[in-house]
Amino acid sequence: MVFIKDNNLVMTNNGDHCLEEVEFPAASLTTYAGSCGNSGQSYDEAKLDLRLDQPAGLAFDGIELLFFGLQGKKRVICININTGQGNLLCNSASYVQYMFLDQYNLDVLATFEGGLGKIVRTDSTATLQPQYGGGSDVGTLSSLDLNEPKDLIQLDKDTWMIADSTLDR
């Protein structure tokens, strides 16, 4: 779940293949993107015309872009919240599981099987570049040994807590 403009909450509805929005202060629930109950693979459309297959993980860049992955797929999608346009940003080498915003550097991070990556954007494209993993249990992000990171919490600019389910830590 993430808050976007006007403090509305957007969340994935994985089983119904859509994103839903809670609009405040009325607390009304509406479909934000996709078509609830209809899975598919159509990504470069207006947000309500998207066909999604198990959306997972959300990150909002704080300005206009909402990012998410698709569980069991190697894709990263973004929606411009100002225009309502959805775009397939990139196909990744691994399955994207969760997405997070680094609140200090404003980087969008994604967990995937084998590590953490950063969404690197240009004007028209983006890639998921592996950034972290492959070392020890403690240390800098680039030196960590990550297998299946599931959750991240950013404590401050330089401190993250990472849960890795396969390695039980």
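What percentage of the 169 residues in the protein chain do buried residues make up?

1. The answer is 43%, so far as this can be read from a model that is predicted, because buried here means under 20% relative accessible area. The outer surface can be described as well: the protein chain exposes about 8600 Å², and carbon and sulfur atoms supply 46% of that area.

2. The secondary structure is simple to describe, since the protein chain comes to zero helices and 14 strands. Read from the N terminus on, the elements therefore run as β repeated along the chain, with no other kind of element in the list. As for how the chain meets itself, among the contacts with a separation of 6 or more, 32% are accounted for by residues 24 or more positions apart.

3. Strand S3, which covers residues 18-23, is a good place to begin looking at the model in detail. S3 is mostly covered, in that five of its six residues are buried. On one side of the pairing scheme, strand S2 (residues 9-13) and S3 pair in the antiparallel sense over five bridges, and within this pairing the bridge partner of Thr12 is Leu19 in S3. The hairpin of S2 and S3 has four residues between the strands, and His17 takes a positive phi near 65° there.

4. S3 also pairs with S4: six bridges join these two strands, which run antiparallel. Here Glu20 stands opposite Thr31 in S4. The hairpin of S3 and S4 has four residues between the strands, and in this hairpin Ala27 takes a positive phi near 60°.

5. How many disulfides does the count come to? The count comes to one disulfide, and the cysteines that it joins are Cys18 and Cys36, with a distance of 2.1 Å from S to S. Cys18 lies in strand S3, whereas Cys36 lies in the loop between strand S4 (28-34) and strand S5 (55-60), so the pair ties together parts that are 18 residues apart in sequence. For a student meeting the term, a disulfide is a covalent bond between the sulfur atoms of two cysteines. The link of Cys18 and Cys36 is right-handed, with 85° about the S-S bond.

6. The two ends of this link should be described separately where accessibility is concerned. Cys18 is buried, with a relative accessible area of 0%, while Cys36 counts as partly exposed because its relative accessibility is 28%. Another cysteine, Cys78, counts as buried because its relative accessibility is 6%.

7. Asn8 deserves a point of its own, as a residue whose place is in the loop between strand S1 (2-3) and S2. Although Asn8 belongs to a loop, Asn8 is buried, with a relative accessible area of 10%. Leaving out residues up to four places away in sequence, Asn8 touches Val2, Phe3, Glu21, Val22, Glu23 and Phe24. Strand S3, with its residues 18-23, thus comes up again in this point.

8. The last point concerns the surface, and which residues make the nonpolar patch of about 300 Å²? The patch is made by Ile153, Leu155 and Met161. Of these, Leu155 has its place in strand S13 (residues 149-156). Leu155 counts as partly exposed because its relative accessibility is 48%, and a residue would need over 50% to count as exposed.

Note on methods: Residues are numbered from 1 along each chain as its sequence is written. This is a predicted model: local features need pLDDT of at least 70, side-chain atom pairs count only at pLDDT 80 or more; totals for chains, interfaces and linings use all residues. Side-chain values use heavy atoms; hydrogens and water are left out. Patches are made of residues with over 30% relative accessible area and no salt bridge: like charges are joined within 9 Å, nonpolar side chains (Val, Leu, Ile, Met, Phe, Trp, Tyr) within 5 Å. Accessible areas come from the Shrake-Rupley method with a 1.4 Å probe; for residues, only the protein chains shown count as cover. A salt bridge is a side-chain nitrogen of Lys or Arg within 4 Å of a carboxyl oxygen of Asp or Glu. Buried means under 20% relative accessible area, exposed over 50%, partly exposed in between (1.4 Å probe, protein chains only). Contact means heavy atoms within 4.5 Å. A disulfide is a pair of cysteine sulfur atoms within 2.5 Å. Two strands pair if DSSP finds at least two bridges between them.
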